[in-house]
Number of protein chains: 2
Amino acid sequence: MSGFGEATAVRRVGDGRYEADLDGAYGFAEALNGGYLMAVLGRAAVDASPHAHPISTAAGFHRVAKPGPALLVVEPRKEGRTTASALVSLVQHDRTVVDALIITGTLDAAAEPAYAGAAPAPVPPIEECTEFRPPTGAGFADQVDMRFDRTTMGWLDGQPSGSPEIRAWFRLRDGYAPDGHSLALAVDALPPVALNLGAQGWAPTVELTWHMRAVPAPGWLAVHGTGRLLSDGWFDEEVEVWDTAGRLVAQSRQIARVPRARS
Amino acid sequence: MSGFGEATAVRRVGDGRYEADLDGAYGFAEALNGGYLMAVLGRAAVDASPHAHPISTAAGFHRVAKPGPALLVVEPRKEGRTTASALVSLVQHDRTVVDALIITGTLDAAAEPAYAGAAPAPVPPIEECTEFRPPTGAGFADQVDMRFDRTTMGWLDGQPSGSPEIRAWFRLRDGYAPDGHSLALAVDALPPVALNLGAQGWAPTVELTWHMRAVPAPGWLAVHGTGRLLSDGWFDEEVEVWDTAGRLVAQSRQIARVPRARS
């Protein structure tokens, strides 16, 4: 496969049924990235809807998705003039891997915000940022070009900052322009911000909800990850994605299990 | 009916099937409150699970729920040692009104946070706060005792603050002690924060995801509502709920339609 568009393509094979061929390049070792899976789910939801954009996606990650064939089942729940809602499930080997409640709608690319909160602390200029390829295999980093704010990457050298923040620039290496499907990838592309609190190893996402807030402008996306609470083995992570036009284009929160944290 | 516990009770009538009698006292006019509905959904999810708490609830609100009988359908998706996942639907007159992805688990009441972000600006002392009973009928306010930070209620007098924030103290009038089910009510109890941006009328919630982060201490809960972006008819609202022990016990984000906003 080549390119994000092809890697997330779905083929309609029946009423509310789609097939996809999940691309191992969007994963770490054998586990596929949750954002990649949400992009595939979003394509099925948009195809089955009269609307253009995945406005709201709430996904529960039950099992690890593997590269290879998958079935998408879209169960429409409501279709209205401004929105449509559906339950979308990704199934492999007769087991549901991900369930998502997806609300589609059509955003106006020319909309001007009536209110926009302050942008978070900026990501430093790209030339001052650093690349990072995880040691578990470079599949994901071969597809996605990310440049990290060095001050948020101390955990790499065993010096976690103590503040649950990671900031980075994001784009697809194949030149795929930002849209509602690549935003799904962007909101789940950062390493877990809990790594800056001394957490060890990967943190499996249990649930992630994200909202597409505007049609993104072409170019790099700024991805800002933060967290509020690490307690009892659970950690939240919030991501805001801002485009080159200075717009908040996506916002997410996920809740994840943290295997181990130094305290 | 009397009391929050009774008003949100569910009766198991079959495998993954529950009946509830929705109480009009938890609504405004004929529309039931979304938090109340999530509490009912959460009771069914917890009853069908080996775990004690509704850790994560992502709910899509398709239609207006009416007082009276409702069917809850719980479809288990995964059961593990630390969590179980289920799709839970609330059905009235053969139509799905709300769908929720609910992840249950068991929080440790004695857990000490490994990391906790700073608390938001405090709600003023209760005696300096103001009550508010919406003109559309006092049903909800008869059940829930809320005391609002006056500085966030200017919209009531036609003087919206311009900042999408509302802060209040929250408790149930019947003395029901805070738990995972009343937290569901607390995260959706504030008037829409977009009212402080000049939005007019009620804002129907399209999707709301909330996470229970700790077992709440007895007493008042502090409820902090904020928003990030009002654009293209969509508005997000984030709520944090803090208990008397100074813990973040619940966090939510909803996305809602805003009928009309002065700009």
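Reader: Which strand of chain A does Ile103(A) lie in?
Author: Happy to start there, with the reminder that this is a predicted model. Ile103(A) sits in the strand that covers residues 95-105 of chain A. That strand is β8.

Reader: Is Ile103(A) buried or exposed?
Author: Let's count C-beta atoms around the residue. A residue is buried if 20 or more other C-beta atoms lie within 10 Å of its own. Ile103(A) has 27 such atoms within 10 Å, so the verdict is buried.

Reader: Which residues of chain B does Ile103(A) touch, not counting residues up to four places away in sequence?
Author: Some partners of Ile103(A) belong to chain A, namely Ile55(A), Ser56(A), Thr83(A) and Ser85(A). Leu72(A), by comparison, is 31 residues away from Ile103(A) in sequence and 16 Å away, C-alpha to C-alpha. The partners of Ile103(A) from chain B are Gly60(B), Val206(B) and Glu207(B).

Reader: How many residues does each chain bring to the contact between A and B, and how many on the side of chain B are nonpolar?
Author: Chain A and chain B each bring 43 residues. On the side of chain B that touches chain A, twelve residues are polar and eleven are charged. The nonpolar residues there number 20.

Reader: Why can one say that the copies meet through the same surface?
Author: The test is to take the interface residues of chain B and look for them in the interface of chain A. They are also interface residues in chain A, so the copies meet through the same surface, and the share is 100%.

Reader: What rotation superposes chain B on chain A, and which C-alpha of chain B is nearest the axis?
Author: The rotation is 180°, with 0.0 Å of shift along its axis and an RMSD of 0.0 Å. This is the relation of a two-fold axis. In chain B, the C-alpha nearest that axis is 3.1 Å from it and belongs to Ala58(B).

Reader: Which strand of chain B is joined to strand β14 of chain A, and which residue stands opposite Leu229(A)?
Author: Strand β14 of chain A, residues 229-231, is joined by two bridges to strand β9 of chain B, residues 115-116. The two strands run antiparallel. Opposite Leu229(A), in β9(B), stands Ala116(B).

Reader: Which members of the largest nonpolar core touch the most other members?
Author: As background, nonpolar side chains tend to be buried together in soluble globular proteins. The largest nonpolar core here has 172 residues. Leu41(B), for example, touches Ala59(B), Leu72(B), Val88(B), Leu90(B), Val98(B), Ala100(B) and Ile102(B), not counting residues up to four places away in sequence. The members that touch the most others are Leu41(A), Leu72(A), Leu41(B) and Leu72(B).

Reader: What radius of gyration does chain A have, against that of a compact globule?
Author: The C-alpha trace of chain A spans about 50 × 45 × 35 Å along its principal axes, and its secondary structure comes to four helices and 16 strands. Buried residues make up 56% of chain A. For 263 residues, a compact globule would have a radius of gyration near 18 Å; the value for chain A agrees, at 18 Å.

Reader: Asp94(A) and Asp232(B) both have a positive phi; which of them counts as exposed and which as buried?
Author: Most residues other than glycine have a negative phi. Asp94(A), with phi near 65°, is in the loop between β7 and β8 of chain A, while Asp232(B), with phi near 60°, is in the loop between β14 and β15 of chain B. Inside 10 Å, Asp232(B) has 21 C-beta neighbours and so counts as buried. With 6 such neighbours, the exposed one is Asp94(A).

Reader: How does Arg257(A) count by its C-beta neighbours: buried, partly exposed or exposed?
Author: Arg257(A) is in strand β16 of chain A, and its contacts beyond four places in sequence are Ala203(A), Pro204(A), Val206(A), Gly233(A) and Trp234(A). Exposed would take 12 or fewer neighbours, and buried 20 or more. Arg257(A) has 15 inside 10 Å, so the class is partly exposed.

Reader: How many C-beta neighbours does Trp210(B) have inside 10 Å?
Author: Trp210(B) is placed in strand β12 of chain B. Leaving aside neighbours within four places in sequence, its contacts include Thr57(B), Ala184(B) and Val187(B). Trp210(B) counts as buried, and its number of C-beta neighbours is 28.

Note on methods:
Residues are numbered from 1 along each chain as its sequence is written. Chains are lettered from A and ligands numbered from 1 in the order in which they are written. This is a predicted model: local features need pLDDT of at least 70, side-chain atom pairs count only at pLDDT 80 or more; totals for chains, interfaces and linings use all residues. Two residues are in contact if their C-beta atoms, placed from the backbone, lie within 7 Å. Ala, Val, Leu, Ile, Met, Phe, Trp, Tyr, Cys and Pro count as nonpolar, Asp, Glu, Lys and Arg as charged, and the others, Gly among them, as polar. Two strands pair if DSSP finds at least two bridges between them. Copies are superposed by least squares on the C-alpha atoms of residues with pLDDT of at least 70 in both. A nonpolar core is a set of buried Ala, Val, Leu, Ile, Met, Phe, Trp, Tyr and Cys residues joined through C-beta atoms within 7 Å. The radius of gyration is taken over C-alpha atoms; the globule rule is 2.2 Å times the number of residues to the power 0.38.
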